[in-house]
Number of protein chains: 2
Amino acid sequence: MSLERLKKEMVDMGEFGRDPQRRVKCHADLDPEKGVTRPCGTDANKKARDYVVARMEEAGLKVNVDKVGNIYGRLDGKKDKGVIWAGSHVDSVLNGGQFDGTLGVMTALEATRRLMEEGHENYRPIEVVVYTGEEGSAFPMALLGSSILIGKVTYEQALAAKNRNGETLEDVLDRMGYKGNFERKLDDVEYSLELHVEQGPVLDAEGIPVGIVENITGLAWILATIEGEENHAGTTPMKMRKDALLAASEIISIVNKNALDLLNKYGGSTVGTVGRFNAFPGAPNIVPGRVEVGIDVRDVVEKNLNFMIDEAKKALKNLEKKYGVSVSMEMPFGVHKAAPLSPEVVDTIEKSAQEIKVTAKRMNSGAGHDSQNIAEKIKTGMIFVPSAKGISHAPMEWTEWEDIEKGTKVLTQTLKNLSMKK
Amino acid sequence: MSLERLKKEMVDMGEFGRDPQRRVKCHADLDPEKGVTRPCGTDANKKARDYVVARMEEAGLKVNVDKVGNIYGRLDGKKDKGVIWAGSHVDSVLNGGQFDGTLGVMTALEATRRLMEEGHENYRPIEVVVYTGEEGSAFPMALLGSSILIGKVTYEQALAAKNRNGETLEDVLDRMGYKGNFERKLDDVEYSLELHVEQGPVLDAEGIPVGIVENITGLAWILATIEGEENHAGTTPMKMRKDALLAASEIISIVNKNALDLLNKYGGSTVGTVGRFNAFPGAPNIVPGRVEVGIDVRDVVEKNLNFMIDEAKKALKNLEKKYGVSVSMEMPFGVHKAAPLSPEVVDTIEKSAQEIKVTAKRMNSGAGHDSQNIAEKIKTGMIFVPSAKGISHAPMEWTEWEDIEKGTKVLTQTLKNLSMKK
């Protein structure tokens, strides 16, 4: 078992889609790493896929690609059914980091190789999985590959989806050579594992190398437009204004306060964020006539998530009466419900970590992952490793190699334990 | 005296630089007029200048153009000195209205013609003036022509100033045929008048056709950048954030509250506006790492203006301690002091309005005008006519023709009265 092999492969993978320069300001006390841009269908994405497939074949895995480009590198077991999946994705956001997704694929491959090298005789088949288009940075659906696998999106819908260049998913899969000819059914798959960087600061701040995910958070977006009257800032008396910005600004503190109130009441992992907030036309000397607002609320507890949504909508609506503005709002994808992961798999990961003496804590995931889809049909677990300073989707995304090694060991041990289940 | 002549000329002028379509949303209950785009140096600006010069010459005025393109159409008087100016500008903002500036030039010409047609024998010379580049929509200095006349900017600085295309003012004046060869001195000028649309809602709301400006407001901008930490909205716990937007949002209500407090305490015409307010990177699911803020504060009372500036700066600074963000700020042009207009001219305008039985009220100007410069050296007065719904710098800028006629009559009567002063 050698970290060096995994490290080399991660460094190699990080060169596919490496950006020429930094574009995002991050923490000043980390080195200014360059980002990785590798959306689904790009040349960089093809190179990353080719690299993974070559490593799978070197290791002796049988590689299959389904109709939407999901890749499966299979190690047969003594029996055919009860397959265990382990994997993640190799696409990235624009100017993102080198660990998000990729680490889950490469550690799954490494764990499988280690079991093979140990001479471990797996009772169940193991498949290292690469999901297509997790990030939604090319096609307007995130978690694309896993959404198709669970039937949330049809193959026809997915293959016809267009990226920003107007190309369909079918076009780009064809071009990359990753349009397979079968539809992967889930009947024979029993367990699924995904190792991923936390993308938050908790493990890093607490100095804990491994997180065991119990729930993936529920999520909703509320996009609102507040319209008042655009006016000359010098000549329009204060009392004759309908200032869209003055009205809209209320929502910022309300969303934050509601999240804090829930945290103080229940503990938990509620978050509420106003991430988009722009006043138009945007000149200092014009009273803003319009503000565009984007609110993101998340909770693993459905009741709390609904509270955050309802209160934000109510507060937005109240602006109309209070300020004489008009407010329109939409929830572009409705509500993504929280996904509880499999207690059996969570317990197995915890036991596996204890067996090899790696400290681990149970936690929730605030970010979305293919595992939240897969968990609807298959017993699923996730293993988190720390993100330095909580940074992700940014060039300075970083995880210490020793933490990666600990996470890989926990993944290997879990895979071993699951693979022996009769 | 015929409104029809002035009306035709205003409609003609409104066609120079007419935009092909609306770009700015304004009041829905006004007709969607197309805007006018006529920055200094454009073809449209040349056409408007040519049109004005042709009408001046038709009327028998002697036309002179100075080194920075200011135009003077002169009607000699019995004496040489003690010249009276009346005029405004014919350049516009991008997608602006057809009255701002142009109305002041065309009514000055109309008033002068009416006096000539009446057989009025003016003791003092009258000059209809067109100032170059009032709006700052082409060159990065507003009130350009008047700033040069009072020596605030040198001829060299002005002629070397570059527009967005990298052309100097000298280049564009040459191209338009409006680079004269003399520097206009102010020694022989005693009075200056400017009729202008109010650009605010007060006269329109109160149903008063004419405003007499006593002061042009003082003005300052504070541009600030608030920097926190850009983070993942799902994975970054509420208590581990440095949300630049949550911090910056405080300033919006503070600026508004301070203006309202001064209004409630002193009456007056204090305004405070946050007109620019943008969160970056601007995705709903990213905790904003940076917010750009542009604050505009105005008052005719210096003490109140300073209070607004100081309180805004203090409130911005306080965000650092309260939210752990960093704040930088600048005041791009310092403080434009309020300009009191000439009490003698204000009285003359008021008396003139009474003589011809036009209702008029004294007021302040919340917008900047060339008259604020000219007032530093010459006894200056301004006449406002109503802006429907207070709209200006927008396609739907509108003033009723009957109000224009009343304003023109007051201007004519004032010019008559001043022109007879020994």
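Two strands count as paired if DSSP finds at least two bridges between them. The exercises below apply to a predicted model.

**Exercise 1. With which strands does β6(B) pair, and in which sense in each case?**

Solution. Begin with β14 (residues 339-340) of chain B, which β6(B) meets in the antiparallel sense over two bridges; here Asn215(B) stands opposite Pro340(B). Next take β16 (residues 379-385) of chain B, where the pairing is again described as antiparallel and runs over three bridges, with Phe384(B) as the bridge partner of Gly211(B). Finally, β15 (residues 360-365) of chain B pairs with β6(B) in the parallel sense over six bridges, and in that pairing Ile216(B) stands opposite Ser365(B). As for its surroundings, six of the seven residues of β6(B), which spans residues 210-216, are buried, so the strand is largely enclosed by the rest of the structure.

**Exercise 2. Which residues of helix α6 of chain A are buried, and why can they be said to line one face of the helix?**

Solution. Within α6(A), residues 169-176, the buried residues named are Leu169(A), Val172(A) and Leu173(A). Looking down the axis of α6(A), one finds these buried residues within an arc of 100 degrees, and therefore they line one face. This agrees with a general rule: an α-helix has 3.6 residues a turn, so residues three or four places apart point the same way. The cover over the buried residues includes α5 (155-160) of chain A. After the helix comes Gly177(A), whose phi is positive, near 80 degrees.

**Exercise 3. Is Glu355(A) buried, exposed or partly exposed?**

Solution. The residue is first placed in helix α10 of chain A, which covers residues 343-355. A residue is buried at 20 or more other C-beta atoms within 10 Å, and exposed at 12 or fewer. Glu355(A) has 14 such atoms, and so it is partly exposed. Its C-alpha lies 8.3 Å from that of Gln413(A), although the two residues are 58 apart in sequence.

**Exercise 4. How are chains A and B related, and through what surface do the copies meet?**

Solution. A turn of 179 degrees, together with a shift of 0.1 Å along the axis, lays chain A on chain B with an RMSD of 0.1 Å. The two copies are therefore related as by a two-fold rotation axis, and the C-alpha of chain A nearest that axis belongs to Asn278(A), at 2.2 Å. Turning to the contact itself, chain A supplies 54 residues and chain B supplies 55. Among the elements that give two or more residues to the side of chain A are β7 (218-227), β9 (271-280) and β11 (290-299), while the largest share, nine residues, comes from α8(A). Sorted by class, this side has 26 nonpolar, 22 polar and six charged residues. Since 100% of the interface residues of chain A are also interface residues in chain B, the copies meet through the same surface.

**Exercise 5. What are the domains of chain A, and how many residues of each are in contact with the other?**

Solution. The domain assignment gives domain 1 as 3-216 + 338-419 and domain 2 as 218-336. Their centres, taken over C-alpha atoms, are separated by 35 Å. Five residues of domain 1 are in contact with eight residues of domain 2, and the side of domain 1 that touches domain 2 has one nonpolar, four polar and no charged residues.

Key:
Residues are numbered from 1 along each chain as its sequence is written. Chains are lettered from A and ligands numbered from 1 in the order in which they are written. This is a predicted model: local features need pLDDT of at least 70, side-chain atom pairs count only at pLDDT 80 or more; totals for chains, interfaces and linings use all residues. Helices (H or I, at least four residues) and strands (E, at least two) are DSSP runs, numbered from the N terminus. The arc is that of the directions from the helix axis to the C-beta atoms. Two residues are in contact if their C-beta atoms, placed from the backbone, lie within 7 Å. Ala, Val, Leu, Ile, Met, Phe, Trp, Tyr, Cys and Pro count as nonpolar, Asp, Glu, Lys and Arg as charged, and the others, Gly among them, as polar. Copies are superposed by least squares on the C-alpha atoms of residues with pLDDT of at least 70 in both. Domain bounds come from an automatic or database domain assignment.
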